[in-house]
Amino acid sequence: MYAEFRPGRAAGAVEAPPSKSMGHRMLLCAGLSGGPCTVRGIASSQDMLATLDCLSALGVRWERTGDTVTLSGGDVFSTPKEVVDCRESGSTLRFFVPLLLLGREKAALTGHGRLMERPMEVYAGLCRERSLLFRQEGDRLWLRGPLQPGLFQLAGDVSSQFITGLLFALPLLEAGSVVSLRPPVASRPYIEMTRQAQALYGVTSAWTDENTLRIPGGQRYRPVDSVVEGDWSNAAFLEGFCLLSGDVQVTGLKTDSLQGDKIYKEYYKRLQQGCPTLDIDQCPDLGPVLMALAAAGQGATLTGTRRLRIKESDRGAAMAEELAKLGVACRVEKNTIFVPGGQLTAPARPLCGHNDHRVVMALSLLLSRTGGILEGAQAVRKSFPDFFERIRTLGIEVNTYEDR
């Protein structure tokens, strides 16, 4: 899909979409409870559909009415008969690995795009230590349990999705377990979001110190009705128009949210004040939008950027490639990205979305100023399917079409 922009200014109020991160977590907790229960605030994004499909593979029945999903049934200790398809959702893939390891029969996961290329060594190592099957063959990941309770030691600077995956499964075992993280612990806010969602559904864990989680066994998720809060990560793209001379108010966000990406408020102030150094180690999903806004402003240095390479695209390199088309020459290093400020120029050729929803939305901000064409715009369907409709309500002139 192509998106063609005319230069313009955004103004008005717009509601934040529901949180993708909390949506995944609440759907899983609800599905593991056996229901019946409802989760309200589930966007019709590809990532949410991936998690629902995987719950179906565990026997969970679900129905969708608008943004509300009703779930019931299922058996987490059963083995799916079919290959479990995670689409392009990294969260879904990593959350479901420990759950499938609860079973005693061989199961398989698959995915699309770059998903099956993303690092999984954390789980591979844990399975080797416990003599469990973990074998990747092309686009298939084969698993077999049963997972047993005990001590799980892993690096704290890996994706928090591995830790969350263990947190979902370990409480269901008969005895307690301990997850010990070697510091530093990255993306701690996402771990706390998992624990918050689980607590709502009656499953608890506790920090015994800042790097050690104790997870009691013998727990069961209880069915409750829940509502997904607004998404600070995607709200960052909407409020980003304010740094491009726009006047946008984003509603529907909890000020006391545990979402780490709410730090964008502070980072935007610093971008407006000068050429700051911004650490995104705890909020890597903000990388593309911060690069875009820095390029449109006075520049910035981003640190803690190493994990941008293992997202839907190599986000640092992808953004640098596209910003060059707009006249901005970035420097991407191993864990640092330098973005100079300067005058953006209208691109002489289409920008590319690199099959990455956050790259598409970040580039859309800049094209709303310069005008131009963005190819691969359909990537927004992964997390924010009505993104273009929402920015049109703010006065942004953008036409989308399948073929040029």
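1. Two strands count as paired if DSSP finds at least two bridges between them. On that basis, in this predicted model, 4 strands form an open sheet with mixed pairing, in the order β16-β17-β19-β18. Strands β16 (277-279) and β18 (331-332) are at the edges of this sheet, each with a single partner strand, so one side of each has no neighbour in the sheet.

2. Within that sheet, β16 and β17 (residues 299-303) run parallel and are joined by 3 bridges. One pairing can be looked up by residue: Leu278 has Leu302 in β17 as its bridge partner. As background, the strands of a sheet pair through backbone hydrogen bonds, in either a parallel or an antiparallel sense.

3. Another open sheet is made of 4 strands in the order β6-β7-β9-β8, and its pairing is mixed. Its edge strands are β6 (84-85) and β8 (133-137), and each of these pairs on one side only.

4. An antiparallel pair in this sheet is that of β7 (residues 107-110) with β9 (residues 140-144), which takes in 4 bridges. Here Thr110 stands opposite Arg140 in β9.

5. Helix α9 covers residues 287-296, and 10 of its 10 residues are buried, so the helix is largely enclosed by the rest of the structure. The cut-off behind this statement is a relative accessible area under 20%. Among the buried residues of α9 are Gly287 and Pro288, together with Val289, Leu290, Met291 and Leu293. Ala292, Ala294, Ala295 and Ala296 are buried as well.

6. Turning to the whole chain, there are 12 helices and 22 strands. The radius of gyration is 21 Å, close to the 22 Å that the globule rule gives for 404 residues, so the chain is as compact as a globular protein of that length. Along the principal axes, the C-alpha atoms fill a box of roughly 60 × 45 × 40 Å.

7. Of the 404 residues in the chain, 58% are buried. Among contacts with a separation of 6 or more, 73% are between residues 24 or more positions apart.

8. On the surface, the chain exposes about 15500 Å², and carbon and sulfur atoms supply 47% of that area. The chain has 46 positive and 44 negative charges, and the mean positions of the two sets are 3 Å apart.

Conventions. Residues are numbered from 1 along each chain as its sequence is written. This is a predicted model: local features need pLDDT of at least 70, side-chain atom pairs count only at pLDDT 80 or more; totals for chains, interfaces and linings use all residues. Side-chain values use heavy atoms; hydrogens and water are left out. Helices (H or I, at least four residues) and strands (E, at least two) are DSSP runs, numbered from the N terminus. The radius of gyration is taken over C-alpha atoms; the globule rule is 2.2 Å times the number of residues to the power 0.38. Buried means under 20% relative accessible area, exposed over 50%, partly exposed in between (1.4 Å probe, protein chains only). Contact means heavy atoms within 4.5 Å. Accessible areas come from the Shrake-Rupley method with a 1.4 Å probe; for residues, only the protein chains shown count as cover. Lys and Arg count as positive and Asp and Glu as negative; His and the chain ends are not counted. The place of a charge is taken as NZ of Lys, CZ of Arg, CG of Asp or CD of Glu.
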